[in-house]
Amino acid sequence: MAGSGADMAQLPRLPAEAPPLRGDSSPADRAVSSLRAHGFAVVSLPSDEAAVLGRCVVTFHTALQQEHRRGVAEGRSLVPTSCDLPGESTQATLRLAAFAERAQLRYEPNASLPSDEASSPLEEAAKASAQILSLLLCSTLSSIHESGVDAPLDGARLLDAFYYPGDNAWRAMVGHERPLPTPCPAHEDVGMLTVVMDNANALEVKMGDDWSLVPLTPGECALIVGRQLDALTNGEFPACMHRVRPLTEQRTSLTFEVRCDEKAANRAAAAESARALAASNENFVRATSALSQLTDANHSSRCAVM
Ligand SMILES: O=C(O)CCC(=O)C(=O)O
Ligand SMILES: [Fe+2]
């Protein structure tokens, strides 16, 4: 991953059928082959970037914990979220919302913040983490591109930070009457690629019929293939089903997703299908001509006998 975020990529340690680690493969190659085989990969960030992101997660955690508590006090955090978009907007590009199972911050770096206003620590943290994670996703998409996939390299970017209160804090605030809803049910992301990092392990990915915990250590993040990349590679990079397992203690996670323009995705998917069709036509033509050669050969050998 030249000139960018991911310094070292590792294969997921979970699946027994993980692709063999080639001694000479680069971290980017290993990440791409893991994404191709499993729809996800674990990568390590350089320590300076990991340290910045660690501080950002602390900032998000504090703000979102406060937002969640305020939401509970005001009754807003007693209802589960029905969609992934925060309902409440504080600024055009930086929004906070609180639901029962989580509080959420969303930052859209493509739309810039008003420049005449002094940035809050929250905005600074959003900008800094979006910059680092954006580079990581861009370089991963370029590596996928270099591996022969004609994927769009750009798109809308979304940074989300989630605070999950966990069962203990929830019971302390709300009591036992009202159970804490599932933190984040099983789903595939809609975009091309998502990166996830957290301060407590709870992300699970589906491998075959089984769910596996992704044990991220500080400075590591998970890359997750979304539906757009799956569709435009005809499943060569399969979308990864994932979820957050129920939590006892609180957790904060950071996700950054690239969603390409639907038209670009459709164009790329159509081109990919045309390539697949051309390849199968070529195989068909090859098979037909082999068959006709065989028939000719049989025919002439039968003629020769007669
Ligand atoms: O919080 C997490 O670890 C993952 C959240 C997630 O998958 C999502 O919001 O799409
Ligand atoms: Fe997700």
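**Group meeting talk: ligand 1, the iron ion and their surroundings**

Okay, let's start right at the pocket: a polar side-chain atom of Tyr164 sits 2.7 Å from an oxygen atom of ligand 1. Before I go on, remember that what you have in front of you is a predicted model.

Tyr164 isn't alone there. Ser253 also brings a side-chain N or O atom to 2.7 Å from an oxygen of ligand 1, and for His187 the corresponding distance is 2.9 Å. On its own, ligand 1 would expose 290 Å², and the protein buries 90% of that.

So who else is around the ligand? The residues around ligand 1 are Phe162, Tyr164, Cys184, His187, Asp189, Val196, Leu203, His242, Val244, Arg251 and Ser253. Sorted by character, that shell has six nonpolar residues, three polar ones and two charged ones. If you're following along on the structure, look for four strands: S5 (156-164), S6 (184-187), S11 (242-244) and S12 (251-259) each give at least two residues to the shell.

Now the metal. Which residues coordinate the iron ion? They are His187 and His242, each through NE2, and Asp189 through OD, at 2.1 to 2.2 Å. In the sequence, these donors follow the spacing H-x1-D-x52-H. And if those names sound familiar, they should: His187, Asp189 and His242 are also in the list of residues around ligand 1.

Let me stay with two of those donors for a moment. Are His187 and Asp189 buried or exposed? Asp189 has a relative accessibility of 12%, so it falls under the 20% cut-off and counts as buried. His187 comes out at 25%, which puts it in the partly exposed class.

A word on annotation. UniProt, in an unreviewed entry, lists residues 152-260 as "domain: Fe2OG dioxygenase". In the model, the C-alpha atoms at the two ends of that span lie 7 Å apart. As for its make-up, the span is 14% helix and 42% strand.

Next, a couple of residues in the strands I mentioned. Glu257 is in strand S12, and it is buried, at 8% relative accessible area. What does its side chain reach? The backbone nitrogen of Gly191, at 2.8 Å. Then there's Cys184, over in strand S6, which is buried too, with a relative accessible area of 12%. Cys184 and Phe40 are 144 residues apart along the chain, and their C-alpha atoms are separated by 18 Å.

Let's move on to the loops. Ser147 is in the loop between helix H3 (121-146) and S5, and with a relative accessible area of 32% it is partly exposed. Here's a long-range pair to find on screen: Ser147 and Ser33 are 114 residues apart in sequence, while their C-alpha atoms are 9.4 Å apart in space.

Last stop, Asn234. You'll find Asn234 in the loop between helix H5 (227-232) and S11. What's the thing to notice about its backbone? Phi of Asn234 is near 50°, a positive value in a residue other than glycine. For context, most residues other than glycine have a negative phi. Asn234 is also partly exposed, at 45% relative accessibility.

If you take one thing back to your desk, make it His187: that residue coordinates the iron ion through NE2, and its side chain has an N or O atom 2.9 Å from an oxygen of ligand 1. That's my tour, thanks for listening.

Key:
Residues numbered from 1 in each chain as written. Chains lettered and ligands numbered in written order. Predicted model: local features only at pLDDT ≥ 70, side-chain atom pairs only at ≥ 80, totals over all residues. Heavy atoms only, no water. Near = heavy atom within 4 Å. Polar contact = N/O pair within 3.5 Å; in protein donor to acceptor, adjacent residues only side chain to side chain. Areas by Shrake-Rupley, 256 points an atom, 1.4 Å probe, with all protein chains shown as cover. Nonpolar A, V, L, I, M, F, W, Y, C, P; charged D, E, K, R; others polar. Donors = N, O, S within 2.8 Å, 3.2 Å for Na, K, Ca; no water. Buried < 20%, exposed > 50% of the residue type's maximum accessible area, 1.4 Å probe, protein only. UniProt positions renumbered as here; feature names shortened; annotations may be inferred.
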